[in-house]
Amino acid sequence: MLSSNLIGNRVIGFTLAILLAFLTINLNVNPAAAQSKGEVPGQALGLNSDADLWRFIRNGNSGNTQLKDELAAVMIQSEGDNWRAVRNGPVSVYGAIGVIGIIVLLAGFYSWRGRITIDAGPSGKTIERFGTIDRFAHWLMAGSFVILAITGLNLLYGRYTLLPLLGPEAYTAFSIAGKYAHNYLSFAFMAGLALSFFLWVKHNIPSKVDIEWLKAGGGLFKKGVHPPARKFNAGQKIIFWAVMLGGFSISLSGIALLFPFQTAMFAKTFGVLNMIGFDLPTALTALQEQQLNQLWHGIVSLVLMTIIVAHIYIGSVGMEGALDAMNSGKVDRNWAKEHHGLWVKEVDEAAKTAKASPAE
Ligand code: HEM
């Protein structure tokens, strides 16, 4: 008696054989037919040898096909193996090293430096740092990013970590919910990102003060050291631009993944890079496009997550008084003087000027 596996294999084999026959006819690469006419198979497509022809097929091309769905006509795509090897290999391994590494580093830093406190102690007086719209933008971006990060990490590492813990049924339910959350919350992230950009870009233009701040290590490593800073210090400017550029890039590759085979994002980008001297392939197949989008999306997301873990640390447990800025919007004046001395001066000057010339 034939086992069900064997029957299954025969059905698959039979289907593939029909598909192959169908494709070769439509590619004009049917060797017997072509050779009897004295043509090299695939010549109509500019393929002048058998080696060219099989390279063409192996790279995921379907040639001229009458199948409505061109992707269904792809027989082999060798780059798929490379994509899987890079995704499950270096991207997953270095990504995990980055995210776990920064947590270990911060734990070490915390045990050495402790919480960075307000040197002069809290004054009890506050100064307004962020308005409602700033805090709305921040939490829209931050809240959605955290969920996108967790559901994205599940896609890369879930089967090795959560699956054994939750079991297949609960893990499947979690992953399906995660996929919907990831797809839809991406729009909340993009909205928060765009709003934060317009609200804060004017405070994030690099200036000479930043060099002094960086030279002093931001005062992070020594108690009592407070280099000058306006509304955002050099460290925050680095975070801002990493979030804006990284977030924008993740958004583009995310859109290309959400609406597959529509954007030719990499072919276009490679085309631009070739104009400045690169020599990158622009004739990418639809599948290669998706694979590159997926790798890029994963790599930039993991780098940004690593940076954001450090940001969350310093904005919460790492520094006394920082979180108030994004909670109530008001911070202690002594905190503000120590970490953003030039900004406090600017705010006080503006208040004095407003008092001296009241609106009529
Ligand atoms: C979830 C935990 C988070 C906490 C507790 C937190 C906390 C804070 C705080 C307190 C500030 C204001 C700092 C100041 O007054 O100078 C801030 C600013 C900011 N946050 Fe967050 N944040 C979080 C997540 C995120 C995420 C996920 C992103 C982006 C993906 C983000 C992006 C920013 C940016 C761009 C700024 C302005 C620049 C800066 O201060 O570094 N935050 N955050």
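Modeller: Let's start with a word we'll need: a residue counts as buried when its relative accessible area is under 20%. Keep in mind that this is a predicted model.

Colleague: Okay. Which residues of helix α3 are buried?

Modeller: Helix α3 covers residues 50–58, and its buried residues are L53, F56 and I57.

Colleague: How should I read a set like that?

Modeller: Here's the general idea: an α-helix has 3.6 residues a turn, so residues three or four places apart point the same way. Now the case here: the buried residues of α3 cover an arc of only 95° around the axis, which puts them on the same side of the helix.

Colleague: And what comes just after α3?

Modeller: That's G60, which takes a positive phi of about 90°.

Colleague: Let's zoom out. How many helices and strands are there in the chain?

Modeller: You'll find 13 helices and 2 strands. The chain has 360 residues, and 36% of them count as buried. If you take the contacts with a separation of 6 or more, 73% of them come from residues 24 or more positions apart.

Colleague: Where does UniProt place the feature "transmembrane region"?

Modeller: The entry, which is unreviewed, puts it at residues 91–112, 139–160, 180–201, 238–259 and 294–314. You can then check such a span against the model. Residues 139–160 are 100% helix and 0% strand, with end C-alpha atoms 31 Å apart. Residues 238–259 are 95% helix and 0% strand, and there the end C-alpha atoms also lie 31 Å apart.

Colleague: Now a pair of helices. At what angle do the axes of α9 and α10 cross?

Modeller: For crossings, 65 to 115 degrees counts as roughly perpendicular. The axes of α9 (residues 265–275) and α10 (residues 286–315) cross at roughly 80° and come within 8 Å. The two helices are therefore roughly perpendicular to each other.

Colleague: Which residues make that contact?

Modeller: From α9, they are M265, F266, A267 and F270; from α10, they are E289, L292, N293 and W296. Sorted by class, the contact has 6 nonpolar residues, 1 polar and 1 charged.

Colleague: While we're on α10, what about Q291, buried or exposed?

Modeller: Q291 is found in helix α10. Apply the cut-off we began with, under 20%: the relative accessible area of Q291 is 13%, so Q291 is buried.

Colleague: What does Q291 touch?

Modeller: Leaving out residues up to four places away in sequence, Q291 touches Q77, E79, G80 and W83.

Technical notes: Residues are numbered from 1 along each chain as its sequence is written. This is a predicted model: local features need pLDDT of at least 70, side-chain atom pairs count only at pLDDT 80 or more; totals for chains, interfaces and linings use all residues. Side-chain values use heavy atoms; hydrogens and water are left out. Axes are lines fitted to C-alpha atoms, for helices over the stretch in contact, and angles run from 0 to 180 degrees between N-to-C directions. Helices (H or I, at least four residues) and strands (E, at least two) are DSSP runs, numbered from the N terminus. Angles under 35 degrees count as roughly parallel, over 145 as roughly antiparallel, 65 to 115 as roughly perpendicular and the rest as oblique. Contact means heavy atoms within 4.5 Å. Ala, Val, Leu, Ile, Met, Phe, Trp, Tyr, Cys and Pro count as nonpolar, Asp, Glu, Lys and Arg as charged, and the others, Gly among them, as polar. Buried means under 20% relative accessible area, exposed over 50%, partly exposed in between (1.4 Å probe, protein chains only). The arc is that of the directions from the helix axis to the C-beta atoms. UniProt positions are given in the numbering used here, feature names are shortened, and annotations may be inferred rather than shown by experiment.
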